[in-house]
Amino acid sequence: MPKTILVVDDEPVVVEIAKRRLEEKGYDVMTAGDGNGALACLKSKTPDLIFLDVQMPDMNGYTFIMEKNKIPAFVDIPVVVLTAYNETEALFKRHGAKAYLLKPLKLQDLINKAIEVIGQP
């Protein structure tokens with residue numbers, strides 16, 4: 001059974017391109033356009049990895065991580081933050097992210113990070 005990745009971003013183009021590329025590599029991909037949608041996705045199927053935009057309306061990425069971590073079954077799901085801001089890795093880890101990728105995304109970096117964090121599909 002392929003590994004599942006949840007891609008969360010309020011930019012539909014980013015979501016669609018990431019989804020297509022990850023599926024081409026063999027991953028099962030769920031998507032959400034915001035933090036609330038992502039929480040709903042978690043309740044339908046538990047992913048192996050979450051790629052998460054930081055800057056989203058209504059619920060930003062850090063708030064999503066805090067809400068996710070309130071549910072014991074979801075605490076161990078690794079989160080890779082997607083951000084346009086070149087902040088320090090310590091900041092992302094302090095908020096509970098395993099790693100981060102800078103936007104604009106390089107699709108090969110996305111694939112490489114998925115393989116690094118959860119392995120091949």
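## Strand E3 and its neighbour E4

In this predicted model, phenylalanine 51 has valine 80 in E4 as its bridge partner. That pair belongs to a parallel match between strand E3, residues 49–53, and strand E4, residues 79–83, held together by four bridges. Further along, aspartate 53 sits opposite leucine 82 in E4.

Over on E1, there's another parallel pairing with E3, also with four bridges. Here isoleucine 5 is matched with leucine 49 in E3.

## The whole sheet

Zooming out, the sheet is open and has five strands, ordered E2-E1-E3-E4-E5, with parallel pairing. Strand E2 (28–32) and strand E5 (99–102) are the edge strands; each has a single partner strand, so one side of each has no neighbour in the sheet. Going from one strand to the next, the twist averages 20°.

## Buried or exposed: what happens to E3?

E3 is mostly covered, with five of its five residues buried. The side chains split into two sets: Leu49, Phe51 and Asp53 point one way, while Ile50 and Leu52 point the other way, and all are buried. So what about Asp53, the acidic one in the list? Asp53 is buried too, pointing the same way as Leu49 and Phe51.## Helices against the sheet

Helix H3, residues 61–68, lies across E3 and E4 and runs at about 145° to E3. Helix H5 (residues 107–118) packs on the sheet as well, where H5 touches strand E1 (4–8), E3, E4 and E5. The direction of H5 makes about 140° with that of E3.

As for the connection, E3, H3 and E4 form a β-α-β unit, and the unit is right-handed.

## A closer look at H3

Which residues of H3 are buried? They are Gly61, Tyr62, Phe64, Ile65 and Lys68. These residues cover an arc of only 160° around the axis, which puts them on the same side of H3.

The N-terminal end of H3 has a cap, and asparagine 60 provides it. A side-chain oxygen of asparagine 60 lies 3.0 Å from the backbone nitrogen of tyrosine 62. Tyr62 is also one of the buried residues of H3.

Conventions: Residues are numbered from 1 along each chain as its sequence is written. This is a predicted model: local features need pLDDT of at least 70, side-chain atom pairs count only at pLDDT 80 or more; totals for chains, interfaces and linings use all residues. Side-chain values use heavy atoms; hydrogens and water are left out. Two strands pair if DSSP finds at least two bridges between them. Axes are lines fitted to C-alpha atoms, for helices over the stretch in contact, and angles run from 0 to 180 degrees between N-to-C directions. Contact means heavy atoms within 4.5 Å. Buried means under 20% relative accessible area, exposed over 50%, partly exposed in between (1.4 Å probe, protein chains only). A crossover is right-handed if, with the strands pointing away from the viewer, the path from the first strand over the helix to the second runs clockwise. The arc is that of the directions from the helix axis to the C-beta atoms. A polar contact is a pair of N or O atoms within 3.5 Å; within protein, one must be able to donate a hydrogen and the other to accept it, and residues adjacent in sequence count only if both atoms are side-chain atoms.
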